[in-house]
Amino acid sequence: MGTKKLADALTIANFAGLDLVLMNSGSERPVAKIMDYNKFKYEKSKKQKEALKKQRESNKDMKEYQLSYNIDIGDFETRRRNAQGYLEKGHKIKVTIRFKGRQMAHTDLGTEVMLRFAEALNDYATIESNPKLEGRTMLMILAPKKEI
């Protein structure tokens, strides 16, 4: 509608049964719109909820499994089965081993366990990043195999 004085804009908004909403007050000339303010707030909150929902969905893409360098066969198989189901759904797997105290002397055993875990899931996953040591934590990322 162009540039209007505040009193004129308020009169037009009242005549239309709507609200005068300030959109940008930081510039030389403030920008306002004539609209239903409650509808504006509702749509804005709806967009925020949708953005949060999408953000939560994107965080579901990675599942972390913690192993130990001296893991028993039963525990290893349980984690393998759980990871296999997760990979079948198309999500990535992050495998970690945390070394405590003197365990840092046996990082080679941790690498062997991780590679054995990747080999057990060979039909369902490929290694996206090989086992690497970051501080006291060794991690590896497995991605689901692409269907051809």
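Accessible areas here come from the Shrake-Rupley method with a 1.4 Å probe. The exercises below concern a predicted model.

**Exercise 1. Surface and charge**

State how much area the protein chain exposes and what share of that area carbon and sulfur atoms supply. Then describe its charged side chains.

Solution. Step one: the exposed area of the protein chain is about 11100 Å². Step two: carbon and sulfur atoms account for 49% of that area. Step three: the protein chain carries 29 positive and 20 negative side chains. The centres of these two sets are 6 Å apart.

**Exercise 2. Layout and overall form**

Give the order of the elements in the protein chain, and decide whether the chain is a compact globule or more spread out.

Solution. Step one: count the elements, which are four helices and six strands. Step two: read them from the N terminus, which gives α-β-β-α-β-α-β-α-β-β. Step three: compare the radius of gyration, 28 Å, with the 15 Å that the globule rule gives for 148 residues. The radius of gyration is well over the rule's value, so the protein chain is more spread out than a compact globule. Step four: look at the box filled by the C-alpha atoms, roughly 80 × 35 × 25 Å along the principal axes. Step five: add the burial figure, since 23% of the 148 residues count as buried. Step six: take the contacts between residues at least 6 apart in sequence; 52% of these join residues at least 24 apart.

**Exercise 3. The largest nonpolar core**

Which residues touch the most other members of the largest nonpolar core, and which elements give two or more residues to this core?

Solution. Step one: the core has 20 residues, and those touching the most other members are Leu67, Ile93, Val95, Phe117, Leu121 and Leu142. Step two: the elements that give two or more residues are β3 (62-67), α3 (73-88), β4 (92-98), α4 (107-120) and β6 (137-144). Step three: follow Leu142 outward, leaving aside neighbours within four places in sequence. Its contacts include Ile93, Val95, Phe117 and Leu121, which are also among the residues named in step one. Leu142 is in contact with Ala125, Thr126, Ile127 and Glu128 as well.

**Exercise 4. Two residues of strand β5**

Ser129 and Asn130: is each buried or exposed?

Solution. Step one: place them. Ser129 belongs to strand β5 (residues 125-134), and Asn130 is in strand β5 too. Step two: apply the cut-offs, under 20% relative accessible area for buried and over 50% for exposed. Ser129 has a relative accessible area of 15%, so it is buried. Asn130 is at 53% and therefore exposed. Step three: list contacts beyond four places in sequence. Ser129 is in contact with Met140 and Ile141, while Asn130 touches Leu139 and Met140. Step four: check one distance. Asn130 and Leu115 are 15 residues apart along the chain, with 8.6 Å between their C-alpha atoms.

**Exercise 5. Two loop residues**

Where are Tyr69 and Gly17 placed?

Solution. Step one: Tyr69 is in the loop between β3 and α3. Beyond four places in sequence, its contacts include Ile97, Phe99, His106 and Val113. The C-alpha atoms of Tyr69 and Met114 are 8.5 Å apart, with 45 residues of sequence separation. Step two: Gly17 is in the loop between α1 (6-16) and β1 (19-24). Gly17 counts as exposed, at 63% relative accessibility. Gly17 and Lys33, 16 residues apart in sequence, have a C-alpha to C-alpha distance of 13 Å.

Terms used:
Residues numbered from 1 in each chain as written. Predicted model: local features only at pLDDT ≥ 70, side-chain atom pairs only at ≥ 80, totals over all residues. Heavy atoms only, no water. Rg over C-alpha atoms; globule rule 2.2 N^0.38 Å. Buried < 20%, exposed > 50% of the residue type's maximum accessible area, 1.4 Å probe, protein only. Contact = heavy atoms within 4.5 Å. Lys, Arg positive; Asp, Glu negative; His and termini not counted. Charge placed at Lys NZ, Arg CZ, Asp CG, Glu CD. Core = buried A, V, L, I, M, F, W, Y, C linked by side-chain atoms within 4.5 Å.
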